[in-house]
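Trainee: I have just opened this entry and would welcome a guided look. Could we go through it together?
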Amino acid sequence: MDPESAPRIPRHIAIVMDGNGRWAERRRRPRSFGHREGQKAVRAAVEFCLRRGVEALTLFAFSSENWNRPQSEVGALMQLFLKALDREVDELHENGVRIAFVGDLSAFQPELRERMQNAMTKTGANAKLKLNIAVNYGGRWDIADAARRAALEVAAGRLRAEDITEQSLAPFFCLADLPAVDLFIRTGGEQRISNFLLWQVAYAELYFTEALWPDVDADVLAGALAEFARRERRYGLTSAQIKAAS
Ligand code: IPE
Ligand code: IPE
Ligand code: MG
């Protein structure tokens, strides 16, 4: 990178917020305590993105597989989501954050769904930071849902099957209105995608940190951005081609 130029800022960051349970277990506290602490890191990540001018932040809060955890943990997470919605939405709105929930929301209790819908409606016109919370989300579900919706368009005569291409399928995916994910971060030390965004991370830079999610602060995120700025994104080209174009 040209040292004279400003560091490249990712337009869209996606984070697998992992490590809450281990953070709590190390302190001999229930896993739900780690989830509660993790909310501070969510706030820190949102503030960081607002400060740095990141356009979109997508957080993996609850995967379609997480329903299989002990019922007490799932219940505690649902209570946390409810309380967080009541507590945080107004401030996010004042800060110009647009909140969207992505995933199969039909599985949630009506009162939680209503809170999610209200938050989306209230903040829908904000444009400073697009905050997406993935809940009951799975990357394979997203692909299947996009295929299902495209098939419905074909059945209705609005799309021809032979016209299905990467470009015509793209609008059916979650987050289609946002730039592709530039930087994919996973905290907690595991190096896997765990069925988070699949289609959307095709050319994302991957960044893994040992930091457990409740320990994540602006310094950890600044480290990820510094590493991102050092990467050369080639999109299949050669390094010489990239340098010649810049
Ligand atoms: C991530 O932390 C939060 C959710 C999956 C809801 P974990 O709860 O997976 O924490 P670890 O991986 O067990 O430490
Ligand atoms: C991924 O973390 C899901 C979220 C962070 C919401 P998990 O802890 O569920 O992932 P695995 O089970 O270690 O792959
Ligand atoms: Mg985990």
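Mentor: Let us begin with a contact of Asp18, bearing in mind that the model is predicted. A polar atom in the side chain of Asp18 lies 3.2 Å from an oxygen atom of ligand 2.

Trainee: Which residue has a polar side-chain atom 2.9 Å from an oxygen atom of ligand 2?
Mentor: That residue is Asn66. In addition, the side chain of Arg192 places an N or O atom 2.8 Å from an oxygen atom of ligand 2.

Trainee: And how much of the accessible area of ligand 2 does the protein cover?
Mentor: On its own, ligand 2 has 390 Å² of accessible area, and the protein covers 78% of it.

Trainee: Which residues surround ligand 2?
Mentor: Among them are Val16, Met17, Phe60, Phe62, Ser63, Arg69 and Arg186. Strand β2, residues 56-63, provides the largest share of this shell, with four residues. By character, the shell around ligand 2 has five nonpolar, three polar and four charged residues.

Trainee: Let us turn to ligand 1. Which residues come nearest to it?
Mentor: Of the 13 residues around ligand 1, the nearest are Asp18, Gly21, Arg22, Arg31 and Arg69. Asp18 and Arg69 are also listed among the residues surrounding ligand 2.

Trainee: What is the character of the shell around ligand 1?
Mentor: It consists of three nonpolar, five polar and five charged residues.

Trainee: Which helices supply at least two residues each to that shell?
Mentor: They are α1 (20-26), α2 (31-52) and α3 (71-94). Helix α1 gives the most, namely three residues.

Trainee: What about polar contacts with ligand 1?
Mentor: The side chain of Arg22 has an N or O atom 2.7 Å from an oxygen atom of ligand 1. The backbone takes part as well: an N or O atom of Asn20 lies 3.1 Å from a ligand 1 oxygen, and one of Gly19 lies 3.4 Å from a ligand 1 oxygen.

Trainee: How much of ligand 1 does the protein bury?
Mentor: The protein buries 88% of the 380 Å² that ligand 1 exposes when taken alone.

Trainee: And where do the two ligands sit?
Mentor: The space taken by ligand 1 is the largest pocket, and the space taken by ligand 2 is likewise the largest pocket.

Trainee: A change of topic: how many salt bridges are there?
Mentor: The count comes to 27. One of them joins the side chains of Asp86 and Arg115, with an N to O distance of 2.7 Å.

Trainee: Why does that pair tie together parts that are apart in sequence?
Mentor: Asp86 lies in helix α3 and Arg115 in helix α4 (residues 110-123), so the pair links parts that are 29 residues apart in sequence.

Methods: Residues numbered from 1 in each chain as written. Chains lettered and ligands numbered in written order. Predicted model: local features only at pLDDT ≥ 70, side-chain atom pairs only at ≥ 80, totals over all residues. Heavy atoms only, no water. Near = heavy atom within 4 Å. Polar contact = N/O pair within 3.5 Å; in protein donor to acceptor, adjacent residues only side chain to side chain. Areas by Shrake-Rupley, 256 points an atom, 1.4 Å probe, with all protein chains shown as cover. 1 Å grid on protein atoms, 1.4 Å probe; cavity = no way out; pocket = protein on both sides within 12 Å on 5 of 7 lines; lining within 4 Å. Sits in = over half its atoms within 2 Å of the grid points. Nonpolar A, V, L, I, M, F, W, Y, C, P; charged D, E, K, R; others polar. Salt bridge = Lys/Arg side-chain N within 4 Å of Asp/Glu carboxyl O.
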